[in-house]
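The exercises below are meant to be worked through with the sequence and the coordinates side by side. Each one sets a task and then follows it with a solution in steps.

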Amino acid sequence: MSTAPAPAPFADASGKVRVAVVFGGRSGEHAVSCATAAGVLRAIDREKYDVLPVGITRAGEWVLVADDPAPLEGGRAEITAADAQVLVPLGDSSSTGLVLAAKGEVPQELGKVDVVLPLLHGPFGEDGTLQGLLEMAGVRYVGSGVLASAVGMDKHYMKVVLAGHGLPVGPYAVISPRTWHTDKARALDSVASLGFPVFVKPARAGSSLGISKVDRLEDVEAAVVEAQRHDPKVVVEAGIDGREIECAVLEGHGHAAPRTSVPGEIVLDDPASGFYDYETKYLDTAPLTMVAPADLPEDVAAKVRGLAADAFEALGCEGLARVDFFYTGTSVIINEVNTMPGFTPFSMYPLLWEKSGLSYPELIDELIALARERDAGLR
Ligand SMILES: Nc1ncnc2c1ncn2[C@@H]1O[C@H](COP(=O)(O)OP(=O)(O)O)[C@@H](O)[C@H]1O
Ligand SMILES: [Mg+2]
């Protein structure tokens with residue numbers, strides 16, 4: 001049996017763990033993040049945790065938000081600016097008392113937090129930038145650190161790292177802003193050599209934002225321009241004809257190996273109508289079914305779980321990740337690693353754990369416990 005390192009001492013005299021739940025943010029997934037936060041605020045055990053809800057506006061300001069899930073639900077929530085901003089003092093000695101600073105007034109201490117729970121998706125939240133800020137502040141936080149977050153966000157480097165570990169990824173091309181502007185013909189050639197259809201994607205986005213499926217060379221340029229609205233760097237992938245299988249990973253305690261859930265499957269009710277795009281993911285009438293466990297041969301399910309754990313370790317993930325695959329009937333290919341997967345009570349990640357014996361509130365407990373066990377700083 002592996003022994004877990006002793007958790008950090010409590011910041012709260014009541015013996016409750018003080019958790020700053022951080023959500024919203026600057027990415028296109030602002031409202032999705034708010035919906036996740038609503039789910040967590042409803043489910044987190046108030047006997048164990050003292051919760052400080054902190055919203056990040058689309059402009060990047062941190063503000064204190066009412067501890068009320070209702071206005072955060074529905075998929076259209078927006079964190080608005082306030083007179084006072086929440087500041088994160090940097091340096092090891094602070095570790096970390098948040099401060100509420102109103103313009104022209106004496107800053108007010110919000111007290112120390114034991115753990116930050118960053119429920120942010122996309123750039124400036126899931127990509128290592130927020131994680132870097134928290135590292136500088138010497139505060140523990142849930143989920144992957146700077147490197148794994150950055151690699152997981154970038155569909156180009158994610159493939160480089162996975163392939164470097166001998167893990168299966170599909171054929172792809174990268175279009176940098178420089179290539180596009182100086183040698184568009186070469187960029188288009190690299191796309192054509194993949195065959196059609198292709199998927200044209202912003203390198204660092206999420207929730208399918210800016211992604212197009214393209215069937216003809218003459219439509220590639222428009223798709224690249226669309227993807228560039230989200231990210232100057234674009235990744236183009238050969239279309240893979242396969243089932244979409246997802247597997248949830250949770251870090252092990254102490255030196256134990258990562259734990260994997262039963263695999264699940266995203267089944268579109270009408271695959272001919274498109275792919276798993278933003279509307280499909282978040283419209284209330286989502287025309288899809290999440291099947292968990294996925295109906296897979298035993299050896300394929302085992303392979304998916306093994307690859308999910310390998311991908312988690314290849315990127316150096318911490319806490320949680322959801323690893324997404326295509327299963328073609330003969331091979332299992334990794335599509336992507338999400339270091340902050342959808343985490344509403346209705347999302348695939350919690351569903352997969354529920355089907356594997358861990359409820360949503362227990363999952364929140366696990367994530368906070370894992371974050372408290374680990375050291376701040378290099379580890
Ligand atoms: N190479 C591909 N082949 C087939 N379908 C793809 C491919 N890439 C993406 N898709 C479809 O587009 C969806 C979104 O792409 P994904 O890379 O997962 O982006 P995001 O990070 O926004 O979720 C996938 O779930 C899948 O339905
Ligand atoms: Mg995806």
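**Exercise 1. Locate the proline residues that follow a cis peptide bond, and place each in the chain.**

Step 1. Pro-293 is found in the loop between β16 (288–291) and α9 (298–315), where helices (H or I, at least four residues) and strands (E, at least two) are DSSP runs numbered from the N terminus. The bond that joins Ala-292 to Pro-293 is cis, with an omega of about -5°.

Step 2. The peptide bond from Phe-196 to Pro-197 is also cis, its omega being near 0°, and Pro-197 lies in the loop between α6 (184–192) and β10.

A note on conventions belongs here: this is a predicted model, in which local features need pLDDT of at least 70 and side-chain atom pairs count only at pLDDT 80 or more, while totals for chains, interfaces and linings use all residues. Residues are numbered from 1 along each chain as its sequence is written, chains are lettered from A and ligands numbered from 1 in the order in which they are written, and side-chain values use heavy atoms, with hydrogens and water left out.

**Exercise 2. Describe the surroundings of ligand 1, from individual contacts to the whole shell.**

Step 1. Begin with the residues around the ligand, a residue being near if one of its heavy atoms lies within 4 Å. There are 18 of them around ligand 1, and those that come nearest are Lys-155, Lys-201, Ser-208, Ile-240 and Glu-244.

Step 2. Look next for polar contacts (pairs of N or O atoms within 3.5 Å; within protein, one must be able to donate a hydrogen and the other to accept it, and residues adjacent in sequence count only if both atoms are side-chain atoms). A nitrogen atom of ligand 1 lies 2.8 Å from a backbone N or O atom of Ile-240. An oxygen atom of the ligand is 3.0 Å from a side-chain N or O atom of Asn-335, and a polar side-chain atom of Glu-336 is 2.8 Å from an oxygen atom of ligand 1.

Step 3. Taken alone, ligand 1 exposes 540 Å², of which the protein buries 95%, the areas coming from the Shrake-Rupley method with a 1.4 Å probe.

Step 4. The elements that give two or more residues to this shell are β10 (198–202), β12 (234–238) and β18 (332–338). At least three shell residues come from each of domain 2 (152–169 + 241–373) and domain 3 (172–238), with domain bounds taken from an automatic or database domain assignment.

**Exercise 3. Is Glu-237 buried or exposed, and which side chain does its own side chain contact?**

Step 1. Glu-237 has its place in strand β12.

Step 2. With a relative accessible area of 7%, Glu-237 is buried, since buried means under 20%, exposed over 50% and partly exposed in between (1.4 Å probe, protein chains only).

Step 3. The side chain of Glu-237 makes a polar contact of 2.9 Å with the side chain of Lys-159.

**Exercise 4. Characterise Phe-124 by its backbone angle, its place and its exposure.**

Step 1. Although Phe-124 is not a glycine, its phi is positive, at about 60°.

Step 2. Phe-124 lies in the loop between β7 and α2 (129–136), and it is partly exposed, with a relative accessible area of 40%.
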